[in-house]
Amino acid sequence: MVKLAELQKFLVDKAIIFPTAEMYGSFAGFFDYGPLGVEIKRAVKQEWWNRFVSRREVVGMDGCIITHPKVWEASGHIQAFQDPLVECKKCKMRFRADQLVETKLKMNVEGLVLKDLGRIMREHDIDCQKCGGELIDPRYFNLMFSTEVGAVQGNTAYLRPETAQVMFVDFPRIFKSSRGKLPFGIAQIGRSFRNEISPRNFVFRGREFEQMEIEYFFNKNSKPTETLPKMEVTVWTRSAQEKKEPHKKTKISELLKLTSEWHVYWIAHSMKFLVDLGLRLENLRLRQHTKDELSHYAKDTWDIDYNYPFGWKEMVGISNRADFDLKQHSKFSGNDLSVLDGDERVYPFVMEPSFGVDRLVMALLIDAWHRDDERQTLKLNPKIAPVQVAVFPLVNKESMPEKSMEVFNQLSNEFRAFYDDKGSIGRRYRRQDSIGTPFCITIDGQTLEDDTITLRHRDSMNQERVKIGKLSQKLSESF
Ligand code: ATP
């Protein structure tokens, strides 16, 4: 199992992902992506967009980070987007009360009210993790970052804590101008901000992060017509959690006994996307929310958990938000957001698959990172590798650099290509292995005679000779 500290060191050393403003002592919960990290992240987002947006009845949008504050009143965020906070009376350090209890007592406290959390903390003498001082009783802390808009003071607005709400308030305009027919989805990729009490576990819990979300609107009496992808998955149902039973393997179609057809449809397609992207199925688990932990808007929620070095944790949340949001915005704005579905006027129900980009990128890196005495390899799916093909001249003479440049220029039109002429060939291969480059191409003496190159494969380390004219097609077949 990968250790978080080791992975973190690797990512920071390679400038893939690192804390922001390190020279000022960094800033908890904020991270920057360097040249390789940004390519991985962009590729992941592109794959998601290609899979869910371009080929389905789902359209994209790009909404504001700061929107009208009424939106957050209607959504319930101003009243209910909060976590339980405790503060040390001595050193003033702040902690999330539920996380403290979970870590200390290894018990699930999702959904417990403040009074009960406080009681458990007192019964078990849970003190400050930093100085051992006494903690105040838990109180709620709203996670939205606020700011002031315009020159007049007191005009409070919020940085969005999720991308979802803008899709609800823009639904009428986009629905009318696009398909105008249910089912219909709106998708968005963008930054969200949460003033997390204890940001931790690297980018897993940041204060600024990215989400890829779909709001999928449907008539609650309709059903998907597509057949489900066939998969066997690890599932931890609500009832198994309540009975303290472990998770177990189940056919995805079995979930139809536990939740609605549209929910199973989005669970199955989300799981399939993750596996196709390169995540190992055995590191994924579906967990149904217990009744106590369901958010105020949710009829049912299933998380896709990943087995991180610090345990099974949520990477994707798939919620049935019913007609909560459209009804709330109708009420608060005075505009009726119901639509016609055939002859019937309905408030569509909404299924929301919500992917955290940073948590997904982190999981992909964990699954891909392999080390042995010989080498360190990032076995990323070629589609998301930051460099897809590296081109080397064997030596820097006899027209090899010129020929290599020619090949590099040709390939860089289609792939993320990199040119390297420094160090021994062995070292150049190892450098590329460590950043996940699936293919390396070497131009040598024979190339100048017969126009063939050596193509070296990252995972098997096999080498083969390929005609330059066939290269592009050969590589494309692997993506
Ligand atoms: P958690 O219980 O871990 O705080 P959540 O249930 O509040 O997460 P959602 O509101 O369902 O998370 O957000 C959808 C997705 O956004 C999550 O599945 C996760 O991938 C991502 N996400 C949420 N909060 C953060 C964060 N602080 N840092 C990074 N990603 C996050």
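Colleague: Ser26 lies in the loop between β1 (17-19) and β2. What counts as a strand or a helix here?

Modeller: Both are DSSP runs numbered from the N terminus: E over at least two residues for strands, H or I over at least four for helices. On that basis the chain comes to 25 strands and 16 helices. Mind that this is a predicted model, where local features need pLDDT of at least 70, side-chain atom pairs count only at pLDDT 80 or more, and totals for chains, interfaces and linings use all residues. Residues are numbered from 1 along each chain as its sequence is written, and side-chain values use heavy atoms, leaving out hydrogens and water.

Colleague: What makes the phi of Ser26 worth flagging?

Modeller: Ser26 is not a glycine, and its phi is positive, near 55°. Most residues other than glycine have a negative phi, and most peptide bonds are trans.

Colleague: How do you know which kind of peptide bond joins Leu182 and Pro183?

Modeller: Look at omega: about -5°, a cis bond. Pro183 sits in the loop between α8 (171-177) and β9 (184-193).

Colleague: On to the ligand. Why are Arg205, Gly206 and Glu314 said to make polar contacts with the ligand?

Modeller: The cut-off is a pair of N or O atoms within 3.5 Å. Arg205 puts a polar side-chain atom 2.8 Å from a ligand oxygen, a backbone N or O atom of Gly206 is 2.8 Å from a ligand nitrogen, and a side-chain N or O atom of Glu314 is 2.6 Å from a ligand oxygen. The three pairs therefore pass. As for burial, the protein covers 83% of the 600 Å² that the ligand exposes when taken alone (Shrake-Rupley areas, 1.4 Å probe).

Colleague: What makes up the shell around the ligand?

Modeller: It has 15 residues, with Glu196, Arg205, Gly206, Glu314 and Met315 coming nearest; a residue is near if one of its heavy atoms lies within 4 Å. By class that's 5 nonpolar, 5 polar and 5 charged, with Gly counted as polar. β10 (208-218), β15 (311-322) and β18 (349-356) each supply at least two residues, and β15 gives the most, 4.

Colleague: Why is there something called a cavity here?

Modeller: On a 1 Å grid over the protein atoms alone, a cavity is a set of points where a 1.4 Å probe fits but cannot get out. The search finds 1 of 30 Å³ or more, and the largest has a volume of about 70 Å³. Lining residues have an atom within 4 Å of a point; among them are Phe31, Tyr33, Lys41, Gly206 and Asp358. β2 (31-33) and β10 give two or more residues each, with β10 giving the largest share, 3. The lining has 5 charged, 4 nonpolar and 1 polar residues.

Colleague: Last one: how do you know whether the chain fits a compact globule?

Modeller: The rule is 2.2 Å times the number of residues to the power 0.38, over C-alpha atoms. For 479 residues that gives a radius near 23 Å, and the chain has 25 Å, so the two agree. The C-alpha trace spans about 75 × 65 × 55 Å along its principal axes.

How values were computed
Polar contact = N/O pair within 3.5 Å; in protein donor to acceptor, adjacent residues only side chain to side chain. 1 Å grid on protein atoms, 1.4 Å probe; cavity = no way out; pocket = protein on both sides within 12 Å on 5 of 7 lines; lining within 4 Å. Points joined across faces, edges and corners; volume = space filled by probe spheres on them.
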